[in-house]
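Me: I am new to this structure. Please show it to me, and then let me ask why things are called what they are called.

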Amino acid sequence: MYIFAFASYPTDSIMLPVLPILFVAGGLSLFVTALCLKIYIVLFGNRAPPNRSSKDDHKRRTVAFFHPYCNAGGGGERVLWCAIRALQKKYLDIDCVVYTGDIEAKAEEIVQRARNRFNIVLPRRVDFVFLHCRNFVEAKTYPVLTLLGQSLGSVILGWEALSKFVPDIYIDSMGYAFTLPLFKYVGGCRVGCYTHYPTISTDMLGKVSDRTVAHNNQGFIARNTFLSRVKVIYYKLFSLLYGLVGARADIVMVNSSWTYGHINYLWGIPACTSIVYPPCDTKEFLSIGNEPDKDKAVKSIVSIAQFRPEKDHRLQLYSFSEFLRRLSDDDRAKVKLELIGSCRNEEDQRRVEELRALCTELGISDRTDFMLSVPFDVLKERLAQGTMGLHTMWNEHFGIGVVECMAAGTIIIAHDSGGPKMDIVTPHEGQVTGFLASDKDGYADAMERVFRMSEDERTGIRDAARLSVQRFSDQEFESTFLAAVEPLFI
């Protein structure tokens with residue numbers, strides 16, 4: 001018989017000296033990795049814009065925008081192209097470059113789409129660096145720990161970008177804050193960012209703490225106390241990390257009062273942070289002659305939003321279904337819902353098919369139209385024919401689609417949160433400019449109210465809304481954007 005004796009050692013006595021060693025080892029590993037990457041960039045980094053010789057003009061400064069989905073056709077892309085146009089108009093001695101993962105498109109096709117979709121013509125050439133690792137920033141790549149996975153994945157994509165081209169000035173225009181330290185310390189760039197939406201927010205943390213089902217908090221987690229507690233801890237730790245990398249920015253631009261509050265809380269650099277409302281083509285939309293509702297055979301409800309999960313198109317369909325339920329058969333034939341938007345990838349395309357199936361399930365397919373990637377002229381035409389505009393994203397950072405609907409003369413019904421609530425759908429000289437709602441019944445109530453209004457009541461709301469949105473013009477964006485980025489050029 002063999003008798004084994006196991007000595008019992010106090011756990012704390014082992015862990016206390018080990019933890020500092022682990023932290024030091026991790027810090028040294030990170031430092032050595034960053035140093036090696038820095039040496040590589042110094043020795044082999046390419047500072048000539050794509051398709052140009054380094055001898056072309058070594059005195060010209062380069063400004064690179066990190067925008068992996070620059071061909072998506074959404075509000076964030078409008079900000080990108082208006083920003084580039086503003087810089088090209090003011091600074092004649094710079095070259096603009098866009099890091100993009102849209103490898104299926106050619107450079108001239110991307111520029112042409114920007115012109116067709118947004119009516120934006122660039123003063124001169126823009127160069128593109130095509131990236132092949134975009135899958136590292138896609139949510140489907142990370143079934144769990146999605147925020148952390150996408151953020152670390154952006155560093156991999158950022159390294160691919162930096163290894164292909166090293167700019168003088170780097171601007172993250174899609175919210176990939178984890179790339180900022182990479183370009184600042186390894187690339188030696190001046191860095192700035194335009195943040196549409198914080199990657200993490202106290203509101204998101206609140207949803208998890210309250211165990212509320214949302215697009216970023218799946219039902220099986222919300223229903224489990226232990227998993228919810230673990231996720232709260234994960235979110236808090238991620239918030240600390242997010243604040244650490246975001247604070248590396250030399251200048252920060254945010255698109256709304258709501259985003260400003262969250263970014264200041266998380267990053268803590270208010271002196272470098274400013275609100276730059278995104279550019280809305282109010283001039284084009286204000287020029288639309290909205291046809292009187294009494295002359296319209298169908299009163300359409302228009303939604304303008306990319307088919308992303310957070311846009312919550314499902315809520316639109318459920319709300320529209322409830323609204324139709326309240327109408328007579330004759331009135332039902334007088335309304336239609338038009339969902340206008342674009343798809344970034346296969347995941348978005350599958351989402352559209354799921355929405356079509358939901359329409360069939362709800363029995364509203366005959367009153368619902370899906371209009372994907374429509375040209376700018378078609379968008380204006382549909383808004384001119386529209387009676388109401390619809391927006392359902394919870395805590396939308398700003399809401400360019402909301403502004404476009406209001407400028408075009410449709411009466412907006414937007415989500416009672418975020419930018420639409422704080423900055424856009426606000427009274428103008430005491431006059432109502434639109435309506436806010438947060439659930440199916442609230443949206444259906446607003447739709448019914450607008451539908452049954454008199455022509456004079458609708459005209460009063462339209463006129464007030466059109467006057468109020470003039471503060472979100474392209475010209476206003478250009479002036480505030482150029483003022484915010486000026487420190488990067490000094």
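What follows is a set of short questions on confidence, sheets and helix packing, each with a reply.

Me: What kind of model is this, and how are residues numbered?
Reply: This is a predicted model, in which local features need pLDDT of at least 70, side-chain atom pairs count only at pLDDT 80 or more, and totals for chains, interfaces and linings use all residues. Residues are numbered from 1 along each chain as its sequence is written, and side-chain values use heavy atoms, with hydrogens and water left out.

Me: What is the mean pLDDT of the protein?
Reply: The mean is 88. The term pLDDT is the predictor's confidence in each residue, from 0 to 100. Of the residues, 89% reach 70 or more. Over residues 1-16 the pLDDT is below 50. Beyond near neighbours in sequence, that stretch has three contacts in the model. Contact means heavy atoms within 4.5 Å.

Me: What makes E3 and E7 edge strands?
Reply: Each pairs on one side only. Two strands pair if DSSP finds at least two bridges between them. Helices (H or I, at least four residues) and strands (E, at least two) are DSSP runs, numbered from the N terminus. The open sheet here has seven strands in the order E3-E2-E1-E4-E5-E6-E7, with parallel pairing. E3 covers 127-130 and E7 covers 273-275. Neighbouring strands of this sheet are turned by 20° against each other on average, direction ignored.

Me: How do you know that strand E6 and E7 pair?
Reply: Strand E6 (residues 251-254) and E7 share three bridges, in the parallel sense. The definition asks for at least two, so they count as a pair. Val254 has Ile275 in E7 as its bridge partner.

Me: Which helices lie across these strands?
Reply: Helix H4 (residues 146-164) lies across strand E1 (61-66), strand E2 (94-100) and E3. H4 runs at about 155° to E1. Helix H19 (residues 474-489) lies across E1, E2, strand E4 (169-172), strand E5 (190-195), E6 and E7. H19 runs at about 165° to E6. Axes are lines fitted to C-alpha atoms, for helices over the stretch in contact, and angles run from 0 to 180 degrees between N-to-C directions.

Me: Why is H4 called roughly parallel to H8?
Reply: Their axes cross at roughly 25° and come within 10 Å. Angles under 35 degrees count as roughly parallel, over 145 as roughly antiparallel, 65 to 115 as roughly perpendicular and the rest as oblique. That makes H4 roughly parallel to H8. The contact joins Thr146, Leu147, Leu148 and Ser151 of H4 to Tyr234, Tyr235, Phe238 and Leu241 of H8. By class, six residues are nonpolar, two are polar and none is charged. Ala, Val, Leu, Ile, Met, Phe, Trp, Tyr, Cys and Pro count as nonpolar, Asp, Glu, Lys and Arg as charged, and the others, Gly among them, as polar.

Me: Why are H15 and H18 called oblique to each other?
Reply: The axes of helix H15 (residues 400-408) and helix H18 (residues 455-468) cross at roughly 125°. That angle belongs to the rest in the definition, so the two helices are oblique. Their axes come within 7 Å. Met406, Ala407 and Ala408 of H15 make the contact with Ala465, Arg466 and Ser468 of H18. Four of these residues are nonpolar, one is polar and one is charged.

Me: What makes E10 and E13 edge strands?
Reply: Strand E10 (368-372) and strand E13 (434-437) each have a single partner strand, so one side of each is left without a neighbour in the sheet. This open sheet has six strands in the order E10-E9-E8-E11-E12-E13, with parallel pairing. Five bridges join strand E9 (residues 335-341) to E10. Leu339 has Phe370 in E10 as its bridge partner. H11 packs on the sheet, and its direction makes about 175° with that of E9.

Me: Why is H11 called roughly parallel to H13?
Reply: Helix H11 (residues 313-325) and helix H13 (residues 346-362) pack at about 20°, with axes 10 Å apart. The angle is under 35 degrees, so H11 is roughly parallel to H13.
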